[in-house]
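Trainee: I'd like to go through this one by asking how each label gets earned. Can we start with a loop residue?

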Amino acid sequence: FELNFQKEGSFSSVQSIVFFDDDTASISAVHTSIPSKRITTVVAGTLTRITEDEFLKGLEDTNNEFNVPEELRVQSPMTSDVPTGYEDIFPTEADWCGGLISDVACTESPYQEPNPKMKDGFVALFVIIGLAVFGSVAYLLHRNAVKKQQKRYKEQFVRGIARNITIAPSAGMIPADKLKAEFDHIDKNKGGTITKDELKEFMDTGKFGTISEKDFEAMWSAMDVDGSGEVDFVEFTTFLGSCGTEFETVSKEHAYMTNEEKKTWASQRLSVMYTNTKDLEALEDKEGFENEAGPRMT
């Protein structure tokens, strides 16, 4: 801490205090006489923190040691910042604030924060608008991702259906008995409903493209409307009815097939039909055997 003080035509004083910690500090002061143009006094020392009682006792002891007249003694405890008789020597309030000393504690700093041009209400409004825009963009991106996912798994499912029956631009144009036959083909255990494992086996044939686990779960949720864990024929046809654009896409793909592609497709269909027939015969033989054998004795 440094203090510069100058009384015009009289003297100049420079005082410096360096604090080492909360209990000790060093002090130095240089007093220069302006009329004689020379340094008159140089003072240096060490300051040590003392209690209030120690300070007051020290004043009293010093006054007694040097026989200081009563009227010149510093009041103890002090009731004024200026000792009696020295009023013209010490700097006034005007000197401290904006005068010779310009103490920063009572003068305005030139480094001021600029006044805000926007009120809090407008800032809050812009924040709300920003959050609303962000939320809308996030919702639209999510909705677009869901639509793309739906299109992927619906097209893959329709391509699987097209392996076994002649595809049409819409599910409504396919005869009901053909749809029922395809439903029965997926229903491997002939229990009258399609289980999740049976649908997964159908989708994992790989002949019409692979399906990710995430897409399969989304497709199963879309088919199993009542959440029973099984898909009946009504849910099956309802799902196919929602695949309008996908039926149209696959129908166009078939229309633009080359002769070689059509031969390959026909071969795959015959293979599936042969497999379906064998599966049905095996199931009928099993049921017939169980009927003839009757209930087992335990």
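Mentor: Sure. This is a predicted model, and a good opener is Lys190, which is partly exposed, with a relative accessible area of 33%.

Trainee: What makes Lys190 partly exposed?

Mentor: Set the value against the cut-offs: buried means under 20% and exposed means over 50%. Lys190 has 33%, so it lands in between and counts as partly exposed. You'll find Lys190 in the loop between helix H4 (176-186) and strand E5 (194-195). Its backbone is worth a look too: phi is positive, about 55°, although Lys190 is not a glycine.

Trainee: And why is Asn67 called exposed?

Mentor: Asn67 has a relative accessible area of 63%, and exposed means over 50%, so the label fits. Asn67 also has a positive phi, about 50°, without being a glycine. It sits in the loop between helix H1 (52-65) and helix H2 (93-96).

Trainee: On to helix H8: how do you know that its length agrees with the expected span?

Mentor: H8 covers residues 244-255, twelve residues, and at 1.5 Å a residue they should span 16 Å. The expected span uses one less than the number of residues. The end C-alpha atoms of H8 are 17 Å apart, which agrees.

Trainee: Which residues of H8 are buried?

Mentor: Glu246, Phe247, Val250, Ser251 and His254.

Trainee: What makes them line one face of the helix?

Mentor: Look down the axis of H8: the buried residues fall within an arc of 135°, so they line one face. The general background is that an α-helix has 3.6 residues a turn, so residues three or four places apart point the same way.

Trainee: How do helices H6 and H7 pack?

Mentor: H6 (residues 213-223) and H7 (residues 233-241) pack at an angle of about 115°, with their axes 9 Å apart. Met219, Ala222 and Met223 in H6 meet Glu235, Phe236 and Phe239 in H7.

Trainee: What classes of residue make up that contact?

Mentor: Five nonpolar, no polar and one charged. Glu counts as charged, while Met, Ala and Phe count as nonpolar.

Trainee: Where does the record put the EF-hand domain?

Mentor: UniProt, in an unreviewed entry, places "domain: EF-hand" at residues 174-209 and 211-246. In the model, the span 211-246 is 64% helix and 6% strand, and its end C-alpha atoms lie 16 Å apart.

Trainee: And how many helices and strands does the protein have?

Mentor: Nine helices and six strands. Of its 298 residues, 22% count as buried.

Note on methods. Residues are numbered from 1 along each chain as its sequence is written. This is a predicted model: local features need pLDDT of at least 70, side-chain atom pairs count only at pLDDT 80 or more; totals for chains, interfaces and linings use all residues. Side-chain values use heavy atoms; hydrogens and water are left out. Axes are lines fitted to C-alpha atoms, for helices over the stretch in contact, and angles run from 0 to 180 degrees between N-to-C directions. Helices (H or I, at least four residues) and strands (E, at least two) are DSSP runs, numbered from the N terminus. Contact means heavy atoms within 4.5 Å. UniProt positions are given in the numbering used here, feature names are shortened, and annotations may be inferred rather than shown by experiment. Buried means under 20% relative accessible area, exposed over 50%, partly exposed in between (1.4 Å probe, protein chains only). The arc is that of the directions from the helix axis to the C-beta atoms.
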